[in-house]
Amino acid sequence: MKNFWSSFLAALLAFVLGSIITQCIALFAFIGFMAMAISPSSNSQVTSQIPDESILKLEIGNLPEKRQDLQLDFYKKSSSSPTLTDILRAIERAKKDSRIEGIYIHSPLPLIGMASLLEIREAIEDFKTSGKWVVSYADQYSQTGYYLSSVADELYLNPQGMIELKGLSTASLFYRKALEKIGVEVTVLKVGTYKGAVEPFLLDQFSEANKEQIQSYMQGLWGEISNKVSGSRGIALDSLESIVNRGPLFFAPEEYKTLSLADDLLYEREVINNLKEKVGLDEKDELDFVSPMQLLSTPSKTKATNGTVAVCYAEGVINSSEANSPFAKNVITEQLATELINYANNDDIDAVVLRVNSPGGSAFISDQIWDAVKFLRTKKPLVVSMGDYAASGGYYISCAADYIVAEPVTITGSIGIYGMIPNLSRLADKVDLRQDVVKTHQYADALSSIFRSMTPDEKERMQAYIERGYDTFISRVAEGRKMTKAQVDSVGQGRVWTGKQALEKNLVDELGGLQVAIKKAASLANLDSNYRIMYVNRESINLQNFYNLFLNNMSEKLMLRLLTPEELESLKETRNLRSLEGAQALLPYEIEL
């Protein structure tokens with residue numbers, strides 16, 4: 001016994017001392033970071049010197065719409081981690097910058113959606129109109145990487161590399177029977193024939209209606225991929241389809257060149273030598289590669305004098321979020337409504353573009369943001385630019401805008417609502433777990449107990465609640481889009497559409513990217529061409545919560561040493577799902593690109 005207490009107290013002391021030491025290290029690191037942030041020397045190299053004969057190098061990985069950096073309100077500095085907007089702005093600037101000779105794409109595995117890829121691809125196509133060249137190289141190309149890189153004038157592949165062209169797929173796990181076996185029952189209440197988010201809890205496979213909509217929008221997305229690749233590589237569409245059906249992933253590398261999927265098989269050092277020849281350098285000379293953030297850190301020569309268009313961002317699941325959690329990134333909360341109201345009351349802003357990249361989430365919070373969008377419209381023009389997703393709750397917050405712009409491959413629509421209530425009573429019986437309830441009123445424990453089934457009366461009332469939510473949803477859309485509720489319902493019912501299909505259904509006004517939306521907002525505000533664009537894509541963090549964010553970033557870095565990025569992303573998704581409350585307007589799945 002004496003040895004036990006000695007070991008226990010030693011372990012407890014070690015834990016306490018370890019905690020104190022960890023906190024001290026974090027505090028000293030924080031103080032050091034603060035000292036660097038406010039020191040004059042740290043700000044002395046904000047701008048970069050771009051030499052002549054430089055090449056813009058694009059390495060596209062994960063591109064968020066909105067950046068949350070460790071920065072104070074009084075300390076602004078360019079970040080080395082670009083957003084999608086940064087990439088688009090850098091390509092546009094490179095087109096006009098005489099110091100930039102061309103673009104080198106080295107993006108074998110971009111971790112972004114189809115609409116984002118299309119925007120970058122179109123920006124590069126516009127860059128090429130200047131007469132400058134674009135070269136791409138990869139050891140291996142993922143399907144998304146090849147779709148982006150095929151825009152290049154010259155596309156090179158490693159002699160031992162591969163190209164992944166396989167088509168699209170959507171998969172979902174179905175939990176009904178597994179949950180039955182462990183004694184878990186899920187009561188599902190929904191409105192929407194096509195609202196597939198609940199099907200894993202009700203069925204053992206996709207319903208026919210869900211299969212129909214999935215096939216429909218996947219065909220639309222694949223049509224975009226195949227048309228662009230076909231046009232850029234000079235391969236007939238029917239020939240490309242034949243190639244894809246043969247499984248290019250398994251081809252011998254020489255076949256990629258034979259089929260015109262690649263221009264040549266080269267090692268990267270050989271590609272670098274080719275780039276040196278293009279800019280007139282000898283083989284022994286060093287190339288000057290410029291990153292997008294380096295290019296953007298150089299002052300712009302254009303001075304805006306006539307009005308301001310603010311671009312703000314709604315990225316992630318719509319949900320309440322723990323502000324001091326490392327999992328709180330990429331979550332749209334009610335804070336967005338507050339920001340939109342502030343923009344409405346800011347006389348220095350003439351028009352607003354709301355960039356939406358969200359699969360939806362909480363119906364309640366979506367409605368609060370919708371109200372702020374509607375209020376902003378009464379003060380100044382508001383245009384929505386849809387990114388990869390603007391579905392369900394993402395469409396809810398968009399529908400009140402003056403004008404909606406979407407990419408042809410944006411996933412949108414999904415106008416429907418659902419709720420799910422678990423019942424663990426049979427699982428509790430298996431382990432002899434019992435719950436007893438004492439209450440003062442009939443509905444005191446309604447929806448709060450997971451150890452009993454809902455009564456028929458509770459189901460009826462909850463279904464009525466969901467139906468009221470759906471009626472509110474289609475009413476909001478009908479008002480914003482100048483349609484009848486019956487018209488909205490006919491394209492609603494949870495049905496998912498591509499941006500191109502949504503244009504045909506009057507759910508959006510125009511196809512295009514962020515720049516199209518900005519120009520439209522400026523036009524609605526009667527601004528001439530010399531207006532300022534204010535990108536509000538950086539979280540402004542005051543001193544009060546700076547330390548908490550600093551610790552959260554350290555926690556995430558620690559988790560990345562223990563988990564792979566994919567495992568960490570799955571953990572974040574699980575935490576987001578756990579925090580879902582109330583009726584949901586949420587897209588159920590993602591597409592495997």
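The side chain of Lys 132 reaches the backbone oxygen of Asp 97 at 2.6 Å. The structure is a predicted model, and this lysine is a convenient place to enter it. Lys 132 sits in the loop that runs between helix H3 (114-128) and strand S3 (133-138). A second backbone oxygen, that of Ala 94, lies 2.7 Å from a polar atom of the Lys 132 side chain. Which side chain of opposite charge is nearest to Lys 132? The nearest is Asp 97, 6.1 Å away. A salt bridge requires a side-chain nitrogen of Lys or Arg within 4 Å of a carboxyl oxygen of Asp or Glu. Lys 132 is buried yet has no salt bridge. Setting aside neighbours within four places in sequence, the residues in contact with Lys 132 include Ala 94, Lys 95, Ser 98, Ile 100, Phe 127 and Asp 153.

Next comes a strand. Strand S5 covers residues 185-191, and because five of its seven residues are buried, S5 is largely enclosed by the rest of the structure. S5 is joined to strand S16 (residues 417-423) by seven bridges, and the two strands run antiparallel. To trace one of these pairings, start from Leu 189, whose bridge partner in S16 is Gly 419. In a regular strand, side chains point to the two faces of the sheet in alternation.

Helix H7 gives a view of another kind of element. H7 has 26 residues and reaches 36 Å from its first C-alpha to its last, which is close to the 38 Å expected at 1.5 Å a residue. After H7 comes Gly 234, which has a positive phi, near 70 degrees.

Charged side chains on H7 lead to the salt bridges. The count for the model comes to 30 salt bridges. One of them joins Glu 208 and Lys 211, with the closest N and O atoms 3.9 Å apart. Both residues lie in H7 (residues 208-233), three residues apart, about one turn of the helix. An α-helix has 3.6 residues a turn, so residues three or four places apart point the same way. Are Glu 208 and Lys 211 buried or exposed? Glu 208 is exposed, with a relative accessible area of 59%, while Lys 211 is partly exposed at 37%.

Glu 212 is also in H7, but its salt bridge reaches to a distant part of the chain. The partner of Glu 212 is Arg 495, and their closest N and O atoms are 3.3 Å apart. Arg 495 lies in the loop between helix H17 (485-491) and strand S17 (496-498), so the pair, 283 residues apart, links distant parts of the chain. Arg 495 counts as buried because its relative accessibility is 9%, whereas Glu 212 is partly exposed, with a relative accessible area of 42%.

Another salt bridge joins Asp 402 to Arg 377, where the closest N and O atoms are 2.9 Å apart. This pair also links distant parts of the chain: Asp 402 is in the loop between helix H14 (393-396) and strand S14 (403-406), and Arg 377 is in helix H13 (residues 363-377), 25 residues away. Asp 402 is partly exposed, with a relative accessible area of 31%. Arg 377 likewise counts as partly exposed, at 30% relative accessibility. Salt bridges can also share partners: in this way Arg 176, Lys 177, Glu 180 and Asp 204 are joined into one network.

Methods: Residues are numbered from 1 along each chain as its sequence is written. This is a predicted model: local features need pLDDT of at least 70, side-chain atom pairs count only at pLDDT 80 or more; totals for chains, interfaces and linings use all residues. Side-chain values use heavy atoms; hydrogens and water are left out. Buried means under 20% relative accessible area, exposed over 50%, partly exposed in between (1.4 Å probe, protein chains only). Helices (H or I, at least four residues) and strands (E, at least two) are DSSP runs, numbered from the N terminus. Two strands pair if DSSP finds at least two bridges between them. The expected span of a helix is 1.5 Å times one less than its number of residues. Lys and Arg count as positive and Asp and Glu as negative; His and the chain ends are not counted. A polar contact is a pair of N or O atoms within 3.5 Å; within protein, one must be able to donate a hydrogen and the other to accept it, and residues adjacent in sequence count only if both atoms are side-chain atoms. Contact means heavy atoms within 4.5 Å.
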